[in-house]
Amino acid sequence: MKPVRSAATRRRPHLRIGIILVGLLLGFGGISVRLVLIQGLGGDEYTSFGTSQRMQTIVLPGARGSIFDRNGNDLAVSLPQRTIWANPTLIDRPVEVAAALAGPLGFDPAATAVLAGRLDGRSSGTQFAYVARRVDESVADAVAELKLPGIGFLEESKRFTPAGVLAHSVLGSVDVDNLGQSGLEMQYDKALSGTEGELVIETDIRRRALPGGEYELKAAQRGNDLVLTIDRSMQYETERALRAQIEAKGAQGGMVVVSRPATGEILALANFQRDAESGELVATGNNMAVTTVYEPGSVNKVITVAAALEEGLLTPETLIKVPDSLQVSDHRFSDHDNHPTEDYSVDRILTESSNVGTIKIAQMLGPDRVDSYLRRFGFGKATDLGFPHEAAGILLDRADYSGTSIGAIPIGQGIAVTAMQMLEAYNVLANGGLYVPPRLILATVDSAGQRHSTPSGKPRRVVSATTASQMRAMLVNVVAEGTGKRGGITGYDVAGKTGTARKPLPQGGYQDGAGNYHYVANFVGFLPAEDPELSIIVVIDEPVGDIFGGTVAAPVFADLAQYGMRLLRIPPPRVTTGGTLAGAADGSAREIVAVVEQERVRATAATSTAIAVGG
Amino acid sequence: MSPLSARAQVSSVAPSRAPAARPKAPSRPGHLRVVVPSKRRRLRVSPALVVGSLLLVVAVAFGVAIAQVFLAQGQVRLDQMEAELISEQSRYQTLRKDVAELESPSRIVAAAEKQGMVVPDDVVYLQPSNPDAEVAPLSGGVEAATAWSTVKPLLAAPAP
C-alpha cells in the first residue's frame, strides 16, 4: 500500500528537509552552547576536577643526613618508617577499630580508650588523626593486614643511633618532627635537614601511572652528612673507663675529653651524671664538658707558672722561699702537707703542687698579668666549637678582684672553667705555645656524595715555644715524680697535672649542712711529652673517700692514654726505666719479652687475671 | 576561393523546387539524452588491492594496539621497578643500621663477655727494640680518607 501523503507535502517537497535542518541547527546550537559553557566559561572548574581525578602528587621526603665518626662508622642515621593515621569520618565503630589496633600496637586499655576517642569522627569532626607514628615494619604490616576502614599509612623518617647512647651528649637528639633539639643535631640542624621533593604523575583509576602520561619530578634533596672528629672506639673506651671509675669511687658524675692537640680534633667526649631521683648513673644528654663549669683547682697552676716564665720573671730552676701557709688579705692559704719554710724551685712547686709557691709566683706577676694570661689561654669565653649552650666560664673582671683573688685564682679557686677550656689551655703547651681551636666536625658530605673538609681553626700564639717546652718538661716531672704518678704509662713520657678542688655548693659556700666539703678531682695531660699526639682531661665530680685528682682521675687518664697510643699506633719513643719494663735495661726485644713474661707470671699468681699482650 | 564565389557556385547547381523536409527525429523520453561515453576508461580497482589495503589498515591498527600494550606493560614494569628500587633502598638503609648496631663496641664487648672474655686489670704492651722502625699510618689518616672516598658516594646516593 502506498503511503498517504498530504497534499501540502506533495505540493512542497522541501518542507521535510527544512524541518530536519532546523532540528539539526537547534541540536548543534545547543551542543555548541554547552561546549562553550564547558570548555570556555566553566573550563577551569572542569579542568581542575579532571586533573584531581587523574593527577597524583607524591611528596618525597628529604632524608636527614647521617652523622659518622671519623672512620665512617654510623653514629646517627635516619630510616623511613611507616606512620599509621586515620580518617575518623570514615570510621563508624571507633571503639571496635581501636580495640583491633591495640593488639599489634601493644596499647594498654587506657591507651586504647584514648585512641578510640581520637577515632570518633562524630565528636572530633576531623579527617586526620595520628594512630601511631614511625612504627616498626612488622607492626605496620600487622595493622595493614587488618584492612580496617579509614586507616591509612604514610612514610616518615626516624632517627636511629646504632651504637645506642654512645656519644649521646655530643650527638644530641631530634624531636618527633626530626628537628634537632640538642647537641650537634641542633647545632647543624639546617645542614642535616633534607629538602622535600615532589612527584606529579598521571594515573588511572587504580592509581597506576599512565603510559606516556604526565611525569614531573622535583627530586628530594638529602641533607648533608656530618663526619665528626670523634673516634667510635676511643669514645666507647672513654665512656667505659669513666663510668667504671665513677662507680668505683661513688662519685656523682664525671666528664672526659680526649683530643689531638695539633689539630684541635676531639676524639672522644664523655659525660655521666647520676639521676637525681633514682641515683642511677646515666649517659646524660647534657654535654657537661662544654656546657658546665667547675672550679679546676691545681690544674690551673700551669697558667700562672707559664705566665711567669713567659714574662721572664723566673726559670724552672729559680728558687722561691715557700712556707707551708701564707696569709693573703683575710684568708690563709696553705699547702696540702705541712713543711718547713724551704727554697722551692719553680719545677718543685709544680711537681708538688704547692699552693703557697704558686701564690707567691702570682704575686710576682700581679693581678693584671694573671688576668691577662688566663684570658690568653682561653678562659672567660666560649671556644670556637659553637656548641649549643656552651659556657664561657666564670672569670672575674680585673676590677672585681678582691684581696684574696690573687691567692685563690692562681690555684684554681674563685674561677670556673669548662673541661674543654682547661684541656685547650694544656693543648697550648703541647702545641709549642699555640692555641689551636677545638673542633668536632671533620667534614661534611653533600647530597651528591661530595666530601668537604672542614679546616682547622686559625691558631694563635699564647706563649713562646721556649716557655711551652719548659712547661712540658716540668709537667713530665709532675707525672714521673710528683702528684701525677698514677697518670704515667709504660714506655711514654707523660706530661700532666693533678687538681683537687673544693666544689662550691648551690646554696653558696663550700661546706654543706654537716660541715663537709665536696670535691672535684681532675687530671689533665698529654703524651708523648716530646711530641704530643694525644691530650686528655678527666674530671670526677664528688668522689667519696679518695678525693684526689692524682688517685681518682689520673688512673682513668692512664687507661685512656694507653688505649689511645695503641689506637693511634704511636709507638713508644723509648723504653723508660719505670713501670713494668724496668728490668729491660737496654730495651732489647728479648729482655722486654722476658720482663713481660715475669709480669705475666707475677700477675697471674697474684690476682689470677689475664694479661693481654698487644701491639 | 573566396566565400562569395563559393556561394555562387552552390546556387548554380541547386534544383529550382522547394527544399525537402528534414527527416523526423526518432521518438525519445522527454529529458533523457544520449550520453556519449567518455573516452577515459573507467578505473577498475583490483580486488587484491582492496583486500591488501584493508589488511594493511588492520595491521597498522593492530600494530598501534600492540605498541600501546607494550607501552602499558613497560609502564607497569617501570612502576614495579621504581617500587622495587624504593623497597631495596629502604632495605639497604635498614641493613646498614643493622650492621652498625652489630659493629657497635658495646655489642661486641657484650658478646665477648658472654663467651667468658674479660678486660684485664693490667695490660702490658710489647714494643719494638728499634723505636725508629717504620710504623703503619695513623688511624683516620690517608687510609680512612681513601676508604671514605670509595664508599661514601654510594652511601649518599640521591633519593628517588
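**View 1. How much of chain A is tucked away?** Half-way is the word here: of the 615 residues of chain A, 50% count as buried, where buried means under 20% relative accessible area, exposed means over 50%, and partly exposed is in between (1.4 Å probe, protein chains only). This is a predicted model, in which local features need pLDDT of at least 70 and side-chain atom pairs count only at pLDDT 80 or more, while totals for chains, interfaces and linings use all residues. Residues are numbered from 1 along each chain as its sequence is written, chains are lettered from A and ligands numbered from 1 in the order in which they are written, and side-chain values use heavy atoms, with hydrogens and water left out. The accessible surface of chain A comes to about 28100 Å², using the Shrake-Rupley method with a 1.4 Å probe, and for residues only the protein chains shown count as cover. Carbon and sulfur atoms own 54% of that surface. Chain A has 21 helices and 25 strands; these are DSSP runs numbered from the N terminus (helices are H or I with at least four residues, strands are E with at least two). Now look at contacts, meaning heavy atoms within 4.5 Å. Among contacts in chain A with a separation of 6 or more, 70% are between residues 24 or more positions apart.

**View 2. A six-stranded open sheet in chain A.** Follow the strands across and you get β13-β12-β11-β24-β23-β22, with antiparallel pairing. Two strands pair if DSSP finds at least two bridges between them. The edges are β13 (281–283) and β22 (495–502) of chain A, each pairing on one side only. From one strand to the next, the twist averages 10°. Zoom in on β22(A) and β23(A) (residues 519–527), and you'll find eight bridges in the antiparallel sense. Who does A:Thr498 partner with in β23(A)? The bridge partner is A:Phe523.

**View 3. Two helices resting against the sheet.** Helix α18 (residues 419–430) of chain A lies across β11 (253–260), β12 (265–274), β22, β23 and β24 (534–541). Helix α18 runs at about 150° to β24(A); axes here are lines fitted to C-alpha atoms, for helices over the stretch in contact, and angles run from 0 to 180 degrees between N-to-C directions. Helix α19 (residues 465–480) of chain A packs on the sheet too, touching β22 and β23 of chain A. The direction of helix α19 makes about 70° with that of β22(A).

**View 4. Phe523 again, this time with a ring for company.** A:Phe523 and A:Phe557 form a tilted aromatic pair, 4.7 Å centre to centre with 55° between the planes. For rings of Phe, Tyr and Trp (its six-membered ring), a pair needs centres within 6.5 Å; planes under 30 degrees apart are stacked, over 60 edge-to-face and the rest tilted. A:Phe523 sits in strand β23 and A:Phe557 in helix α20 of chain A, so the pair ties together parts that are 34 residues apart in sequence. Are these two buried or exposed? Both A:Phe523 and A:Phe557 are buried.

**View 5. A cluster of three rings.** Ring pairs link A:Trp85, A:Phe128 and A:Tyr130. Within this cluster, A:Phe128 and A:Tyr130 meet edge-to-face, 5.0 Å centre to centre and 80° between the planes. A:Phe128 is partly exposed at 36% relative accessible area, and A:Tyr130 is partly exposed at 31%. Over all chains, the structure holds four aromatic pairs.

**View 6. Salt bridges, from pairs to a network.** Side chains of opposite charge can pair when their charged atoms come close. A salt bridge here is a side-chain nitrogen of Lys or Arg within 4 Å of a carboxyl oxygen of Asp or Glu, and the count over all chains comes to 28. In one of them, A:Asp141 joins A:Arg82, with the closest N and O atoms 2.4 Å apart. A:Asp141 is in helix α7 (residues 137–146) and A:Arg82 in strand β3 (residues 74–86) of chain A, so the pair ties together parts 59 residues apart in sequence. Back beside the sheet strands, A:Glu542 and A:Lys503 meet at 2.7 Å, N to O. A:Glu542 lies in the loop between β24 and α20 (549–567), and A:Lys503 in the loop between β22 and β23 of chain A, so this pair ties together parts 39 residues apart in sequence. A:Glu542 counts as buried, at 18% relative accessibility. Shared partners also join A:Arg64, A:Arg159, A:Glu185 and A:Asp189 into one network.
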